Amino acid sequence: MHGEYKVPGGKLIVVDIEVEDGVLRRPRVAGDFFLEPDEALDSVNRALDGAPADTDAAGLAARIDRELPDGTVMYGLTSEGVGIAVRRALAHASDWADYDWQLIHDGPQSPALHMALDEAITAEVAAGRRPPTLRVWEWAKPAVIIGSFQSLRNEVDLDSAHEHGIEVVRRISGGGAMFVEPGNTITYSLSVPDALVQGLSFQDSYAYLDDWVLDALGEMGIKAWYQPLNDIATDQGKIAGAAQKRIVGPDGGPGAVLHHVTMAYDIDADKMLSVLRTGREKLSDKGTKSAKKRVDPLRRQTGLEREAVIAGLIDSFRKRYGLAVGGVTDAEMRRARELVDTKFTTPEWTARVP
């Protein structure tokens with residue numbers, strides 16, 4: 001069995017391993033990482049050999065740490081990263097390069113339609129009728145998007161939202177509220193087969209699916225990192241937040257993962273704080289007087305136009321994994337519009353947690 005895992009911000013770890021009588025046998029760990037002393041690699045393999053095949057990544061990491069010689073230096077890998085690579089091998093996880101990726105980047109659409117398209121497109125990936133897809137959003141109007149489990153009245157000042165002409169919608173993923181304005185926000189979705197994140201914990205899947213964008217930002221001069229559970233940050237502050245939803249496949253079979261990210265290109269901090277109630281509380285909890293000290297927009301950090309940042313993200317993804325230009329199918333759009341009417345614009349959904 002063969003497994004691969006790129007440590008977020010680090011290097012690729014490759015594991016080939018066998019299972020006999022319920023235990024791991026003949027492990028071979030490799031990769032483009034750095035490890036000193038040389039014999040530490042033998043220690044890693046020795047620690048894995050004989051481990052029960054159902055040992056989780058943390059348990060495998062603990063075995064490795066106990067076996068490593070004193071003074072071992074790891075650069076670009078971690079013991080837990082090796083454990084994750086093993087779990088991915090045992091789960092027969094796929095790799096980014098195993099797929100023909102498709103890009104959807106259409107014109108501005110309403111907030112409710114964006115919510116619906118996420119659900120419709122990811123369901124098609126789960127059903128095997130659509131390839132893994134990167135969808136870049138364009139917004140037709142400002143919006144507040146609340147998480148699936150958030151209280152509407154606790155999160156949003158509805159009077160202020162109405163005054164500013166801001167639409168309030170609820171998405172299918174969890175997480176916190178997002179404030180977006182056309183031209184000030186960069187949002188994208190990844191709709192991927194469940195096999196891509198097999199062997200990863202829920203938390204690790206966030207880091208894994210965000211890793212490419214960290215490299216893309218680095219190419220634009222921004223040193224960014226993943227900040228658990230679901231933020232992308234720099235030394236200037238948070239620049240993005242992610243959320244996920246798992247969708248089961250037909251007849252309960254293998255499904256798909258929706259992973260979407262909203263990045264702050266620019267921000268009207270005063271307007272955001274007038275609309276988001278919890279935004280005020282978060283800043284108060286941290287003793288911060290200005291939202292600009294918590295969310296630091298990409299415009300200031302890059303000096304690039306929004307379109308140039310989006311182009312850089314797309315180009316970086318394409319260079320790594322390939323990316324063919326596609327579009328929403330007629331069937332997907334019909335399903336999305338049906339979801340807009342029956343779900344995403346209804347009080348029953350938007351206020352399902354009042």
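**Cavities, a kinked helix and a buried glycine**

Tutor: Let's begin inside this predicted model. By class, 3 nonpolar, 3 polar and 3 charged residues make up the lining of the second largest cavity.

Student: Which residues line the second largest cavity?

Tutor: The lining is formed by I104, D106, G107, Q109, H114, R135, V136, W137 and E138. The space in this second largest cavity comes to about 30 Å³.

Student: How many cavities of 30 Å³ or more does the structure hold?

Tutor: The general idea first: empty space shows up when a probe the size of a water molecule is rolled over the atoms. Here, the structure has 2 cavities of 30 Å³ or more. The largest cavity has a volume of about 50 Å³.

Student: How does the lining of the largest cavity divide into nonpolar, polar and charged residues?

Tutor: That lining has 8 nonpolar residues, with no polar and no charged ones. You can pick them out in the view: L134, V136, I186, Y188, W212, I310, L313 and I314. V136 is worth a click, since it is found in the lining of the largest cavity and also in that of the second largest.

Student: Which element gives the most to the lining of the largest cavity?

Tutor: Helix α11 does, with 3 residues. At least two residues each come from β7 (133-136), β11 (185-193) and α11 (306-321). As for reading a helix lining, an α-helix has 3.6 residues a turn, so residues three or four places apart point the same way.

Student: Let's move to another helix. What span does α7 reach from its first C-alpha to its last?

Tutor: Helix α7 (residues 202-219) has 18 residues and reaches 27 Å, close to the 26 Å expected at 1.5 Å a residue.

Student: Where is the kink in α7 centred?

Tutor: On D210, where the kink is about 40°. After α7 comes G221, which has a positive phi, near 90°.

Student: Why is α7 described as largely enclosed by the rest of the structure?

Tutor: Because 13 of its 18 residues are buried.

Student: Last stop, G241. Is G241 buried or exposed?

Tutor: Buried means under 20% relative accessible area. G241 has a value of 9%, so this glycine counts as buried. Its place is in strand β14 (residues 237-247).

Student: Which residues does G241 touch?

Tutor: Leaving out residues up to four places away in sequence, G241 touches N230, D231, H260, V261 and T262. For a sense of distance, try V168: this residue lies 73 residues from G241 along the chain, and their C-alpha atoms are separated by 18 Å.

Note on methods: Residues are numbered from 1 along each chain as its sequence is written. This is a predicted model: local features need pLDDT of at least 70, side-chain atom pairs count only at pLDDT 80 or more; totals for chains, interfaces and linings use all residues. Side-chain values use heavy atoms; hydrogens and water are left out. Helices (H or I, at least four residues) and strands (E, at least two) are DSSP runs, numbered from the N terminus. Buried means under 20% relative accessible area, exposed over 50%, partly exposed in between (1.4 Å probe, protein chains only). Contact means heavy atoms within 4.5 Å. On a 1 Å grid over the protein atoms alone, a cavity is a set of points where a 1.4 Å probe fits but cannot get out, and a pocket is an open set with protein on both sides within 12 Å along at least five of seven lines; lining residues have an atom within 4 Å of a point. Grid points are joined across faces, edges and corners, and a volume is the space filled by probe spheres set on the points. Ala, Val, Leu, Ile, Met, Phe, Trp, Tyr, Cys and Pro count as nonpolar, Asp, Glu, Lys and Arg as charged, and the others, Gly among them, as polar. The expected span of a helix is 1.5 Å times one less than its number of residues. The bend at a residue is the angle between axes fitted to the seven residues ending there and the seven starting there.
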